[in-house]
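Grab your viewer and work through a few short exercises on loops, surface and empty space. Each one comes with a solution that goes step by step.

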Amino acid sequence: MGEPLLRMRSITKVFPGTKALDNVNLEVMPGEIHALVGENGAGKSTLMNVLSGVYPFGSYEGDIEYGGEVRRFSKIKDSEKIGIVIIHQELALVPYMTIGENMFLGNEKGSASRINWSETYAAADEHLKVVGLTESSRTLIKDIGVGKQQLVEIAKALAKNVKLLILDEPTASLNEEDSQNLLKLLLKFKEEGMTSIIISHKLNEIEQVADKITVIRDGSTIETLTKGVDDLSEPRIIKGMVGREISDRYPKRQSNIGDVTLEVKNWTVYHPLYKGRKVCDNISFNVRKGEVVGISGLMGAGRTELAMSIFGRSYGTGISGDLYLKGQRKELKTIREAIDNKIAYVTEDRKGDGLILKDTIRMNMTLANLNRICKFTVIDKEREINYATNFKASFRVKCAGIEQNVGNLSGGNQQKVLLAKWMFAKPDVLILDEPTRGIDVGAKYEIYNIINELVAEEKAVLLISSDMPELLGMCDRIYVMNEGRMAGELSKEEAGQEVIMSLILQSCKGA
């Protein structure tokens with residue numbers, strides 16, 4: 001069978017107040033695709049940060065053996081020198097630099113005093129061909145989509161002579177087509193002898209490509225499953241991750257749908273930079289009290305732009321159309337006016353736009369409605385602590401306490417804090433934009449329960465998601481968007497993946 005390419009033995013990593021890794025073991029064979037799965041906060045990314053030198057030798061206990069030798073990395077450059085390259089979930093690309101400049105940033109071609117640009121761009125173009133990108137390496141990163149940026153990161157890894165490629169949630173921000181293209185690329189690399197470690201919450205993708213799956217729970221290694229020997233089905237993987245079987249991924253609820261809470265008519269939005277480009281074109285829809293309404297569509301359909309333009313015109317220019325709340329026409333020209341009229345928007349970018357990562361859970365949870373905790377414009381800290389403590393308990397946030405910085409929480413727990421922040425504003429309409437992106441199945445289930453609790457309290461929920469099973473499992477109705485227009489509306493009984501894709505394709509032909 002041969003010797004493993006990588007052995008990580010008894011890895012233990014402690015942060016202040018938290019043991020993130022507890023005696024973790026991992027073996028990876030040459031040329032295999034090895035998946036790491038577990039709930040948010042299980043320790044998957046921490047383990048890979050130890051392997052790649054993000055956490056240097058001396059900051060953890062245990063041994064790393066790679067290529068038959070014990071390795072002690074003091075920085076990322078040390079691991080990259082021997083072919084270990086990590087691609088993080090948040091892509092490390094500079095938007096206003098070219099693809100070629102990004103690919104060789106810190107790894108420049110030329111002499112110590114001068115970069116050889118012709119050699120740089122020629123080499124970059126060769127690597128781009130390997131990953132299937134036809135763009136010139138002189139193209140700015142900001143001018144290509146997220147799916148192509150992910151491929152640039154892989155091309156960047158190839159430029160470092162990668163032997164072991166680590167991908168942390170590589171498809172979290174990609175649509176179905178881009179995700180499949182990336183997985184096919186990994187399988188191609190496997191045929192050529194490359195070894196890969198992939199962290200992902202998309203278990204159907206893991207099942208599709210992985211040769212072995214190692215399950216980590218609460219910082220400890222639970223088991224390693226092997227294709228062709230063990231059961232690699234989603235229910236089996238979930239059982240290992242959460243320690244129990246989840247028979248129903250989408251909790252049931254009793255629908256009690258009332259009158260229309262939010263109605264949008266003939267809504268048109270123009271791009272803020274490109275004059276004359278419509279991103280939302282004459283859109284009409286409504287959401288009722290006690291109802292979850294989904295918006296489906298491919299990446300670039302205009303779903304987020306629609307949501308942000310409704311939320312106090314926080315996106316777009318030349319906005320026209322009518323917005324009604326409980327039958328009354330409203331002009332909501334600022335975010336403050338939207339909040340005052342009981343609309344809340346949970347952004348898809350929780351780290352960039354949703355939370356202040358360097359601040360505490362307490363401060364983040366109360367930020368959207370400071371008037372509730374103020375006396376004569378001064379924050380009543382005791383009242384703030386009481387509210388935050390109650391939200392922490394009701395939303396089941398796993399943390400050391402409400403004074404812990406949000407940046408130190410797992411993705412799923414950050415998402416719960418973000419939801420708590422907007423529930424503190426007491427909205428009647430809650431717009432959720434990709435609320436479960438990049439979080440594990442257990443945390444997703446808890447967020448679905450929170451959504452069900454909200455509609456039971458007669459809130460109106462608008463759910464934007466790229467996860468079709470999620471929309472089908474959670475929504476009472478689904479609107480389908482494509483290229484800035486509404487392509488159709490489906491009841492729960494009518495909706496299905498094939499029907500939704502059919503509406504998208506028909507609207508493409510009619511455009």
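**Exercise 1.** Locate Glu 483 and look at its backbone and exposure.

*Solution.* Start with the place: Glu 483 sits in the loop between β21 (477-482) and β22 (485-491). Strands here are DSSP runs of E with at least two residues, helices are runs of H or I with at least four, and both are numbered from the N terminus. A quick note on the ground rules: this is a predicted model, where local features need pLDDT of at least 70, side-chain atom pairs count only at pLDDT 80 or more, and totals for chains, interfaces and linings use all residues. Residues are numbered from 1 along each chain as its sequence is written, and side-chain values use heavy atoms, with hydrogens and water left out. Next, the backbone: phi of Glu 483 is near 50 degrees, a positive value in a residue other than glycine. Last, with a relative accessible area of 45%, Glu 483 is partly exposed (buried is under 20%, exposed over 50%, partly exposed in between; 1.4 Å probe, protein chains only).

**Exercise 2.** Do the same for Phe 376: which loop holds this residue, and is Phe 376 buried or exposed?

*Solution.* Phe 376 is in the loop between β17 and β18 (378-379). Its phi is positive too, about 55 degrees, although Phe 376 is not a glycine. The relative accessible area is 81%, so Phe 376 counts as exposed.

**Exercise 3.** Find the cavity and describe its lining.

*Solution.* First, search: the whole structure has one cavity of 30 Å³ or more. On a 1 Å grid over the protein atoms alone, a cavity is a set of points where a 1.4 Å probe fits but cannot get out; a pocket is an open set with protein on both sides within 12 Å along at least five of seven lines; lining residues have an atom within 4 Å of a point. Second, the volume: the largest cavity holds about 70 Å³. Third, the walls: β14 (317-325) and β15 (328-330) each supply at least two lining residues, and β14 gives the most, with three. Trp 267, Arg 313 and Asp 322 are among the residues that line the cavity.

**Exercise 4.** Now try the second largest pocket: what is its volume?

*Solution.* The second largest pocket has about 950 Å³ of space. Of its 38 lining residues, those closest to the centre are Glu 176, Lys 202, Ser 466, Asp 467 and Met 468. The largest share of the lining, four residues, comes from α6.

Technical notes. Grid points are joined across faces, edges and corners, and a volume is the space filled by probe spheres set on the points.
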